[in-house]
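Morning, everyone. I have one structure to walk you through, so please pull it up and follow along.

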Amino acid sequence: MVDTTAQTSRPEAFAGFRQQWETQIGDGFPLPDFSPATTGDFRVRGQATKVRDVALTDVNAASAMRTADPGALEDQVRIWIVRRGAWTLCGGTGGEHTVSFGQFHLRHVGNASHFATAPHTSAKVLVLPAATLKPLLRNQAVTGSADSAEVRLLVAHTNMIHATLSELSPAGVHAAHGALMELAKSVAVRQFDGQEPLLAPALARAAKDLADSRLADPTLSTATLARELSVSVRTLQRAFAAEGEPVTAYIRRQRLERARLALTAPSGRPSVSELAAHWQFADSSHFIRAFKKRYGQTPTDYARQTDRA
């Protein structure tokens with residue numbers, strides 16, 4: 001987190017941020033020069049990870065950002081995935097283009113260019129080697145919804161890399177990089193290779209994220225998740241099997257956990273029948289049996305224990 005407007009922030013705060021970037025991300029991914037207005041009001045929270053010849057950056061900026069100088073010529077492929085605000089690419093290969101919230105944009109970056117963002121922009125930016133991806137683009141940019149199946153899978157995998165890279169062995173880093181490149185290819189050509197075993201963890205993670213957001217939906221099922229992610233039911237089942245838990249078991253476990261958390265509420269606690277209906281159990285009896293099997297107590301007993309504690 002960098003905030004050059006804070007009273008406790010020293011004038012060299014931005015310089016310290018730049019030095020930290022260069023130390024941790026290294027050669028090949030230089031930080032651009034920003035306009036004086038940007039460095040004077042730089043309120044940004046971010047996370048950056050380098051995986052061999054790929055850089056992954058998550059940016060959450062309260063302030064607007066604008067680069068001052070396009071800098072040197074580049075030969076990279078970049079993907080911008082914007083969840084909030086807007087990110088405008090100015091000049092360079094592909095001309096000016098604004099990536100609005102809920103959209104992604106992928107293109108080869110050859111000629112020098114610069115960018116500007118709106119205040120309160122949240123985005124994920126991937127910098128990838130051109131040698132592998134440029135031939136697939138055929139001098140075209142790819143733009144679409146950030147909720148497309150291919151982008152969901154890519155985002156899930158980059159989040160896993162952020163969380164686990166420091167613990168991975170060299171072989172693990174190699175596998176993570178390989179899966180990342182395969183998923184980037186799928187965004188470029190809009191076709192996911194469901195037979196590629198390296199992609200199973202990303203597919204399972206994307207399906208879990210999607211399921212977690214729809215646990216109260218009565219239509220949630222293996223088939224609906226597969227359809228949303230543009231894969232076959234069998235492909236999705238194989239991805240979950242690699243992690244040792246069927247899709248339906250994951251959904252039930254998450255629903256039970258949400259119900260358990262609801263029972264710990266200090267006030268406004270729902271009844272057993274309300275919980276059963278909300279989390280899509282057939283009836284109260286089914287819910288009570290499933291809850292007791294997982295937590296060793298009935299929902300009522302669990303709630304009483306929580307009150308005593």
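I'll start with the first helix, move to the sheet, then take salt bridges and two odd loop residues.

One thing before we begin. This is a predicted model.

Let's go to helix 1. Helix 1 covers residues 13-25, which makes 13 residues. From first C-alpha to last, helix 1 reaches 18 Å, close to the 18 Å expected at 1.5 Å a residue.

Now, which residues of helix 1 are buried? They are Phe14, Phe17, Trp21 and Ile25. Look down the axis of helix 1: the buried residues fall within an arc of 55 degrees, so they line one face of the helix. Here is the background for that. An α-helix has 3.6 residues a turn, so residues three or four places apart point the same way.

Turn to the other side of helix 1. Gln19 and Thr23 are exposed there.

What covers the buried residues of helix 1? The cover includes strand 1 (2-3), strand 2 (33-34) and helix 2 (36-40). It also includes strand 3 (43-51) and strand 4 (54-61). Then step just past the end of helix 1. Gly26 sits there with a positive phi of about 80 degrees.

Next, the sheet. How many strands form it, and in what order? There are 7 strands, in the order 1-3-4-11-6-9-12. The sheet is open, and the pairing is antiparallel. Why do strand 1 and strand 12 each have one side without a neighbour in the sheet? Strand 1 and strand 12 (142-145) stand at the edges, each with a single partner strand, so one side of each is left free of a neighbour in the sheet. For newcomers: strands of a sheet pair through backbone hydrogen bonds, either parallel or antiparallel.

Let's zoom in on strand 6, residues 76-84. In strand 6, 7 of the 9 residues are buried, so the strand is largely enclosed by the rest of the structure. Strand 6 pairs with strand 9 over 7 bridges, in the antiparallel sense. Find Trp80: its bridge partner in strand 9 is His105. Strand 6 also pairs with strand 11, again antiparallel, over 8 bridges. Find Ile79 here: its bridge partner in strand 11 is Leu126.

Now follow strand 9, residues 103-109, out to strand 12. These two run antiparallel, joined by 4 bridges. Phe104 stands opposite Gly144 in strand 12.

What lies across these strands? Helix 3, residues 130-137, lies across strand 6, strand 9, strand 11 (121-129) and strand 12. Helix 3 runs at about 100 degrees to strand 11.

On to charges. Side chains of opposite charge can pair when their charged atoms come close. The count for this model comes to 11 salt bridges. I'll show you three, including one that starts in helix 1.

Here is that one. Arg18 and Asp33 meet in a salt bridge, at 3.6 Å from N to O. The pair links distant parts of the chain: Arg18 is in helix 1, Asp33 is in strand 2, and they are 15 residues apart. Arg18 is partly exposed, with a relative accessible area of 23%. Asp33 is partly exposed too, at 43%.

Second pair: Glu182 and Lys185. Their side chains meet at 3.3 Å, N to O. Both lie in helix 5 (residues 170-189), 3 residues apart, about one turn of the helix. Glu182 is partly exposed at 25% relative accessibility. Lys185 is partly exposed at 26%.

Third pair: Glu243 and Lys208. The closest N and O atoms are 2.7 Å apart. Glu243 lies in the loop between helix 8 (233-241) and helix 9 (247-263), and Lys208 lies in helix 6 (residues 200-212), so the pair ties together parts that are 35 residues apart in sequence. Is each partner buried or partly exposed? Glu243 is partly exposed, at 41%. Lys208 is buried, at 13%.

Last stop: two loop residues. His120 has a phi near 60 degrees, a positive value in a residue other than glycine. Look for His120 in the loop between strand 10 (114-117) and strand 11. His120 is partly exposed, at 47% relative accessibility.

Then Gln280. Its phi is positive, about 65 degrees, although Gln280 is not a glycine. Gln280 sits in the loop between helix 10 (272-278) and helix 11 (284-295). At 31% relative accessibility, Gln280 is partly exposed.

That's the tour. Thanks for listening.

How values were computed:
Residues are numbered from 1 along each chain as its sequence is written. This is a predicted model: local features need pLDDT of at least 70, side-chain atom pairs count only at pLDDT 80 or more; totals for chains, interfaces and linings use all residues. Side-chain values use heavy atoms; hydrogens and water are left out. The expected span of a helix is 1.5 Å times one less than its number of residues. Buried means under 20% relative accessible area, exposed over 50%, partly exposed in between (1.4 Å probe, protein chains only). The arc is that of the directions from the helix axis to the C-beta atoms. Contact means heavy atoms within 4.5 Å. Two strands pair if DSSP finds at least two bridges between them. Axes are lines fitted to C-alpha atoms, for helices over the stretch in contact, and angles run from 0 to 180 degrees between N-to-C directions. A salt bridge is a side-chain nitrogen of Lys or Arg within 4 Å of a carboxyl oxygen of Asp or Glu.
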